[in-house]
Amino acid sequence: MFKKLKPHFGKLGIILVAAIILLVGSDLLTKYLEEQFFWNAKIIPGFIEIKSGVHNPGCAFSFLDENPEIGQPVLITLTFLFLAVLIFGFIFIPNRFVIFKVAVTLLISGAVGNLYDRLFMPFYVRDWFGLNMFGNMAYCNFADFWIVIGAVLAIIDLMFLNEWAVFPLTKSAKAAQAKKKEEENANRLGENAAETEISEAEAETQSPEEKSLNEDKTYE
């Protein structure tokens, strides 16, 4: 299987790498500016706000924020593994899967943005954007948004849009899956025809006694 893998980069890859740089840069820049200028604002009181100095020792939306001395090394290790898988996919997934590669781009950008904080900040990630979730304010940053948007986009693409879709809704996805079924049926027919030819060739080489014995077995 791995022998069939080959890199897919080209113009799309260059554009997406540039997008990764911009997305990571925007995340780190907003974190820096928040620290320098102490952003504080209530955009929609009780629902959306910006708050300076929020330090999250966990991951997205304050998840796994207890015991950062243990949690941070675990999160850093998992992030490196996560990035390795994403970068592998980014390189080897064919460019015709544009939406999925965009989703991977977002996931890489978010992972790198928060990984920078975990490596260079003392056991925390800098958050500044507050959003009311289920009655409580959860604070996050642009990197968290890239991860969430990328994950949602990847799920939608795999479920409904591309040629691997579980429930294909687009014409291209339906056509690709129909073509794949036709190829599988053609291969199956070819295999059956080959087996039939082999059986007939074997039968021609048999002696009269062997043919008579096989016929007797068939009638039995």
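## A first tour of the predicted model

Of the 220 residues in the protein, 31% are buried, where buried means under 20% relative accessible area, exposed means over 50% and partly exposed lies in between (1.4 Å probe, protein chains only). This is a predicted model, in which local features need pLDDT of at least 70 and side-chain atom pairs count only at pLDDT 80 or more, while totals for chains, interfaces and linings use all residues. Residues are numbered from 1 along each chain as its sequence is written, and side-chain values use heavy atoms, with hydrogens and water left out.

The secondary structure comes to six helices and four strands. Here helices (H or I, at least four residues) and strands (E, at least two) are DSSP runs, numbered from the N terminus. From that end on, the elements run α-β-β-α-α-β-β-α-α-α. Contacts (heavy atoms within 4.5 Å) often link distant parts of the sequence: among those with a separation of 6 or more, 61% join residues 24 or more positions apart.

Let us begin with helix α1. It has 28 residues and reaches 40 Å from its first C-alpha to its last, close to the 40 Å expected at 1.5 Å a residue; the expected span is 1.5 Å times one less than the number of residues. Its buried residues include Leu16, Asp27, Lys31 and Glu34. Just after α1, Phe38 takes a positive phi of about 50°.

Is Lys31, a member of helix α1, buried or exposed? Lys31 is buried, with a relative accessible area of 0%. Its side chain makes a polar contact with the side chain of Asp27 at 2.9 Å. A polar contact is a pair of N or O atoms within 3.5 Å; within protein, one must be able to donate a hydrogen and the other to accept it, and residues adjacent in sequence count only if both atoms are side-chain atoms. Leaving out residues up to four places away in sequence, Lys31 touches Gly113, Asn114, Asp117, Val125, Arg126 and Asn141.

Next comes the sheet. Four strands form an open sheet in the order β1-β2-β3-β4, with antiparallel pairing. Because β1 and β4 stand at the edges with a single partner strand each, one side of each is left without a neighbour in the sheet. Two strands pair if DSSP finds at least two bridges between them, and two of the pairs are set out here.

| Strand pair | Bridges | One bridge pair |
|---|---|---|
| β1 (residues 40-44) and β2 (residues 48-56) | four | Lys42 and Glu49 |
| β3 (residues 125-133) and β4 (136-140) | five | Phe129 and Cys140 |

β1 and β2 form a hairpin with three residues between them, and Gly46 in the turn has a positive phi of about 80°.

How do the helices fit in? α1 and α3 pack at an angle of about 35°, with their axes 9 Å apart. Axes are lines fitted to C-alpha atoms, for helices over the stretch in contact, and angles run from 0 to 180 degrees between N-to-C directions. On the α1 side, the contact includes Leu16, Asp27 and Lys31, and on the α3 side Val98, Gly113 and Asp117 are among the residues.

Helix α4 (residues 142-161) has Ala143, Asp144, Trp146, Gly150, Ala154 and Asp157 buried. These buried residues pack against α1, α3 (98-120), β3 and β4. At the start of α4, a side-chain oxygen of Asn141 reaches to within 3.0 Å of the backbone nitrogen of Ala143.
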